[in-house]
Amino acid sequence: MKIEVTANVDWVGKIDWELRKFHGEEYSTHRGSSYNSYLVRDEKTALIDTVWGPFAAEFIQNLAGEIDLDNIDYVIANHAETDHSGALPELMRHIPGKPVYCTANGVKSLRGHYRQDWNFQVVKTGDRLSLGKKEFIFIEAPMLHWPDSMMEYLTGDAVLFSNDAFGQHIASEHIFNDQVGQPELYAEAIKYYANILTPFSPLVTKKINEVVGFNLPLNAICPSHGVIWRDNPLQIVQQYLRWADSYQENQITIVYDTMWDGTRKLAEGIARGIVASDPAVTVKLFNIARSDKNDVITEIFKAKAVLLGSPTINRGFLSSLALLLEMAAGLKFRNKKAAAFGCYGWSGEAVQLMNEGLIKSGFEVVSPGLKTSWEPGDEELAKAHDFGASLPSLIRTGKELS
Ligand code: FEO
């Protein structure tokens, strides 16, 4: 089951080909995932992280096939979320008393999850743990993405064990970045960043600059999900710096829901208007009720502006848009413009309420929006086209429609 990463480091994790939802039902994982655990052998032996609880027995059985568990000297728990710590209780039943290295918040979190008092050894940034010829240097990484998160660097091999940072939800028998399709790899890496790390972007920038400032050589980055970055590992570090810096592409993302197709027709009219006015801009449309919400969040992350569309229902807007706004509020997107649109039959509050939701979620609303009554006919579709055509310049200048 092991896969050699370097002469001293073996991957001993679990590839989860079946996983389709992660964080409960919150995050879609179309390509499965992996829970990466690493065995580092020198004069002393350390195990870094474990796997998700449902695979604990399988993990321990496989691990015992690789090493006498009593010969594990140190356990390192980079992060207590159960996709990495789930097999710890089973492991510690076999080797009670062995030290578990983690941050002070890691102790709180592991105790909170498992109600166990293992032999915790608290480490801070700069602390070292000798394995013999090589040593670990620990780096606390609070809020990347939990308060307990940490990483460690293995001297000699020049490997950074980064836990969730730089991960991707991909199941692959080939575990290195140069062995998988690059579009697939980057599609999952950006989705992971957009849906998990966006709120912490300022901390991402700060932590990367801190680690780069150590001027350590780097042969590989071993995250806790997906493939290991061994081919030009700095590529994902540089990409993270770009993503953390209010990332946007020349894209407008239109997200709508519709009851009887009126708002869909407006969405499509607006899209045609945008492209007529600015052929260089990429426009993507999603019916949020029929789309994967995490994929839509990724397309919002990539966009310079988002347009929300909903008809009015019960003096409000459709619930699928409310869910999206709730997610966006938590993710704290920065430097993104927005506008709203929708058709209505009677009262027509949806556009104004979506504007308020967009502002509350941190978007800069550049227009009062477009609302049309009843089924869109030629006149309303012309208005949608004109509205779309006005948006590229409004998004550039940030000025409201007069
Ligand atoms: Fe992969 Fe935050 O757990």
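How many helices and strands does the chain have? The count is twelve helices and 22 strands. The model under discussion is predicted, and the points below proceed from the whole chain to individual residues.

1. Overall dimensions and surface. The C-alpha trace spans about 80 × 40 × 35 Å along the principal axes of the chain. The exposed area is about 16,700 Å², and carbon and sulfur atoms supply 51% of that area.

2. Burial and contact range. Of the 402 residues in the chain, 57% are buried. Among the contacts with a separation of 6 or more, 71% are between residues 24 or more positions apart.

3. Nonpolar cores. The largest nonpolar core comprises 88 residues. Within this core, L63, L91, I236, Y240 and W243 have the most contacts. Helix α5 contributes nine residues, the largest share of the core. A second core, separate from this one, holds 26 residues, including V9, A46, I48 and I228.

4. Packing of α6 and α7. Helix α6 covers residues 201-212 and helix α7 covers residues 234-244. Their axes lie 9 Å apart and form an angle of about 145°. The crossing of α6 past α7 is left-handed. On the α6 side, the contact involves S201, V204, T205, I208 and N209; on the α7 side, it involves V237, Y240, L241, W243 and A244. Sorted by class, the residues of this contact are seven nonpolar and three polar, with no charged residues.

5. Y240. This residue is one of those with the most contacts inside the largest nonpolar core, and it also belongs to the α7 side of the contact with α6. Beyond four places in sequence, Y240 touches A165, F166, G167, Y192, Y193, L197, V204 and I208. Two of these partners, V204 and I208, are listed on the α6 side of the helix contact.

6. N177. This residue is located in the loop between β15 (159-163) and α5 (182-197). Is N177 buried or exposed? N177 counts as buried because its relative accessible area is 0%, which is under the 20% limit. Its contacts, with residues up to four places away in sequence set aside, are Q182, L185, V227, I228, W229, R230, D231 and Q235. One of these partners, I228, is a member of the second core.

7. F200. The loop between α5 and α6 contains F200. The relative accessible area of F200 is 17%, so the residue is classed as buried, the limit being under 20%. Apart from neighbours within four places in sequence, F200 contacts M143, L144 and H145. D292 lies 92 residues from F200 along the chain, and the C-alpha atoms of the two are separated by 23 Å.

8. A220. Strand β16 (residues 220-223) includes A220. A220 is buried, because its relative accessible area is 5%, again under 20%. Leaving out residues up to four places away in sequence, A220 touches A158, V159, L160, I228, W229, R230 and P233. The residues I228, W229 and R230 also appear among the contacts of N177. Between A220 and L234, which are 14 residues apart along the chain, the C-alpha separation is 8.6 Å.

Technical notes. Residues numbered from 1 in each chain as written. Predicted model: local features only at pLDDT ≥ 70, side-chain atom pairs only at ≥ 80, totals over all residues. Heavy atoms only, no water. Axes fitted to C-alpha atoms, helices over the stretch in contact; angles between N-to-C directions. Helix = DSSP H or I, 4+ residues; strand = E, 2+ residues; numbered from the N terminus. Left-handed = near helix turned anticlockwise from the far one by under 90°. Contact = heavy atoms within 4.5 Å. Nonpolar A, V, L, I, M, F, W, Y, C, P; charged D, E, K, R; others polar. Buried < 20%, exposed > 50% of the residue type's maximum accessible area, 1.4 Å probe, protein only. Areas by Shrake-Rupley, 256 points an atom, 1.4 Å probe, with all protein chains shown as cover. Core = buried A, V, L, I, M, F, W, Y, C linked by side-chain atoms within 4.5 Å.
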